[in-house]
Amino acid sequence: MEDLGFLHEVEKATGEKVSACYQCCKCTAGCPVVADMDIYPHRIIRHIILGNRDTVLGSKAIWACLQCVTCSVRCPNDIDVARVFDALRKISVREGKMVEKDTWRFDEIFLESVQRHGRLHEMETILRYKIDKKDLFSDTMMGVGMLKKGRIGLLPHNIKDRKGMKEIFKKTGVSKQAQMTKILICLVS
Amino acid sequence: MFESYTERYTLVTLSYYPGCSLKTSSRFYEESFKAVFSFFGIGHRELEDWSCCGASAAHTIDEKLGYALAGRNLALAEREGNHLFAPCSACYNRSVITNTRVREDGELREEINKTIYPLQCTGTIEVKNIIEVLHDYVGIEAMAQRISYDLSSIRVVPYYGCVLTRIMKMEAFDDKEDPVSMDSLIWSAGAEVVNWPYKMECCGASKTLTNKEMTLKLSSKIMDMALSLGADAVVTPCPLCQLNLDLLPYLGRNDKNLPILFLTELLELALFGELKGTGSHIIPVDAIVKKAKKK
């Protein structure tokens, strides 16, 4: 008998009945980024059921997902596959098993900006991400092009109730969690 | 000149949630829908002290934070008492999911309200996107009657983008795989709608910075399909799709590109024969504007 612990963990985290999957492969057939995946979506689901924890959490596939939700809409068993992928990312980061950290890092920087200003400060977020990656100049042309057309927000837009905003982040525990992951990412790399 | 046609009364007032895009990268979308709304007498008041909906980032990091961020804006809108109009597809998606779940799931509602306290959100208002607003408060018949410019020589592909109707576990305002609501609006504005298979294909907006090659591949595929069908323009309601496709020349695509218009820009053309945001487009739109002929 396989280890059902992982399946239960994922089902509990998502509220999705992952075990209902009968491998029709519709999720894989519709996925626009399947070419960039090392393990196809229907196989990820199967691996979860079989309890192959490390295979799933250490896969590139969970980070290639764009969250376009095509797979979820098409699933005949009503499994929100995209949501399962979303949950797998969280578990993967928590356990330090992620093989790609850009997506997570960008989302964190994005949220830090929201936490600080209440709204996204585009310029700050882009620059911070670029500095973080130590790759400042790769998209310079794109940046200049967008600036010329007035399509990057240069200045921050601060909301009035910034205190309330910080409170929301504090209550959900995200600000603390972000610091933990930063340490984790440093350790992994 | 078109002032004389402008409605002198207001039909309805909506709370307007711009989201980050309509205040920064797609400011001309805001100008565009405002021109169309004021023509048809749809009033809108910007939501006081609105904040980011969390987009795709918040729920990736923490699901509860995603709900709380969207919930905060819903609570603000409930206080004002009007339905909430969210023109950005990502904002709309997050807000409509949160709104419905708050309405149906008492436990989640309590949790969100604890997080956003002293604000309270109960799910009593409705969240509407641009297509819904135009259908609900204008309608295709009235639209067709009011247009002043002939767009019949413009062939467009309707591009809905990935998350506008793909809303899991709940009813969406249109079909989740083959939506038609924008087709009828474009058709009523007098342009020719080209049927195509990429109505909802993902443009890869969430990876523009983190994986440029992937975004280029996805957006290019969409552009190639539109070109192969002989379209003159791509029309979309989503600011992320618009920006991403408009950025194609900078993402590294060397082939021909079609102009990417917002749905309300096509309506601007049909009503006024000009575009307020011509200068903000990266892929030039002049050829399309010239095709609009006074009736």
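How many helices and strands does the secondary structure of chain B come to? Chain B has 13 helices and ten strands, where helices (H or I, at least four residues) and strands (E, at least two) are DSSP runs numbered from the N terminus. This is a predicted model, in which local features need pLDDT of at least 70 and side-chain atom pairs count only at pLDDT 80 or more, while totals for chains, interfaces and linings use all residues. Residues are numbered from 1 along each chain as its sequence is written, and chains are lettered from A and ligands numbered from 1 in the order in which they are written.

**Chain B overall**
- The radius of gyration of chain B, taken over C-alpha atoms, is 19 Å, close to the 19 Å from the globule rule (2.2 Å times the number of residues to the power 0.38) for 295 residues, so chain B is as compact as a globular protein of that length.
- Its C-alpha trace spans about 55 × 50 × 30 Å along the principal axes.
- Of the 295 residues in chain B, 56% are buried, meaning that 20 or more other C-beta atoms, placed from the backbone, lie within 10 Å of the residue's own.

**A sheet in chain B**
- Four strands form an open sheet in the order β2-β1-β3-β4 (chain B), with parallel pairing; strands pair if DSSP finds at least two bridges between them.
- β2 (42–46) and β4 (127–128) of chain B are at the edges with a single partner strand each, so one side of each has no neighbour in the sheet.
- Strand β3 (residues 84–85) of chain B is joined to β4(B) by two bridges, and Leu84(B) stands opposite Val127(B) in β4(B).

**The nonpolar core**
- The largest nonpolar core (buried Ala, Val, Leu, Ile, Met, Phe, Trp, Tyr and Cys residues joined through C-beta atoms within 7 Å) has 143 residues.
- Among those with the most contacts inside this core are Val81(A), Val156(B) and Leu266(B).
- Helix α3 (residues 63–80) of chain B gives the most to this core, nine residues.

**Where the chains meet**
- In chain A, 44 residues are in contact with 43 residues of chain B, contact being C-beta atoms, placed from the backbone, within 7 Å.
- On the side of chain A that touches chain B, α8(A) supplies the largest share, eight residues.
- That side of chain A divides into 20 nonpolar, ten polar and 14 charged residues; Ala, Val, Leu, Ile, Met, Phe, Trp, Tyr, Cys and Pro count as nonpolar, Asp, Glu, Lys and Arg as charged, and the others, Gly among them, as polar.

How values were computed. Contact = placed C-beta atoms within 7 Å. Buried ≥ 20, exposed ≤ 12 C-beta atoms within 10 Å, placed from the backbone.
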